[in-house]
Amino acid sequence: MKIMKFLAVSLMLLYAASSFASQTAAKLYKNPNCGCCGQYAEYLERNGFDVEVINTEDLTAIKLEHDVPEEMFGCHTTLIETYLFEGHIPVDIVNTVLEEKPFIRGLSVPGMPAGSPGMGGNKRGSIDVYALNFGPMTSSTIYTSF
């Protein structure tokens with residue numbers, strides 16, 4: 001009987017560990033004084049991502065290091081797998097990119113649009129999500145809207 005209990009507990013722990021290990025790692029760079037960035041990190045975590053939050057006083061340097069055009073600057077920068085996600089992008093759109101693996105550098109929702117994930121307020125109309133294409137720093141196109 002003790003062996004059965006031991007095996008049952010061991011299997012449950014193995015299952016829990018494997019579920020935890022299967023989370024997708026994300027690095028979110030943000031200004032240490034920004035509350036909505038923290039809310040976006042929590043949003044990602046609630047949706048299955050293992051988020052490492054990195055506070056930086058020079059967020060612009062991170063964006064420029066990853067060739068984000070200034071007009072595409074979002075509130076924070078998140079790196080997941082080989083992609084860059086700039087700003088408050090809905091998790092279903094992030095997951096689509098991670099599953100379909102399009103030939104882009106990443107996505108951007110410029111600024112801090114009200115009603116987007118992690119932001120308060122009411123959304124007014126649709127919000128465009130831009131693909132950050134390879135090529136010149138100004139190369140971006142509308143990927144989708146939400």
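I first read the order of elements along the sequence, which runs α-β-α-β-α-β-β-α-β-β-β, with helices (H or I, at least four residues) and strands (E, at least two) taken as DSSP runs numbered from the N terminus. That gives four helices and seven strands in the protein.

I note that this is a predicted model, in which local features need pLDDT of at least 70 and side-chain atom pairs count only at pLDDT 80 or more, while totals for chains, interfaces and linings use all residues. Residues are numbered from 1 along each chain as its sequence is written, and side-chain values use heavy atoms, with hydrogens and water left out.

I then looked up burial (buried means under 20% relative accessible area, exposed over 50%, partly exposed in between, with a 1.4 Å probe and protein chains only), and found that 39% of the 146 residues count as buried.

I went next to His76, which sits in the loop between helix H3 (59-65) and strand E3 (77-80). His76 counts as buried because its relative accessibility is 0%. Leaving aside residues up to four places away in sequence, His76 touches (contact means heavy atoms within 4.5 Å) a set of residues including Leu28, Tyr29, Cys37, Tyr40, Phe85 and His88.

I turned last to Ile127, placed in the loop between strand E5 (106-108) and strand E6 (128-132), and buried because its relative accessibility is 9%. Outside the residues up to four places away in sequence, Ile127 touches Val109, Pro113, Ala114, Ser116, Thr144, Ser145 and Phe146. For Ile127 and Phe146 I noted a C-alpha to C-alpha distance of 5.3 Å, across 19 residues in sequence.
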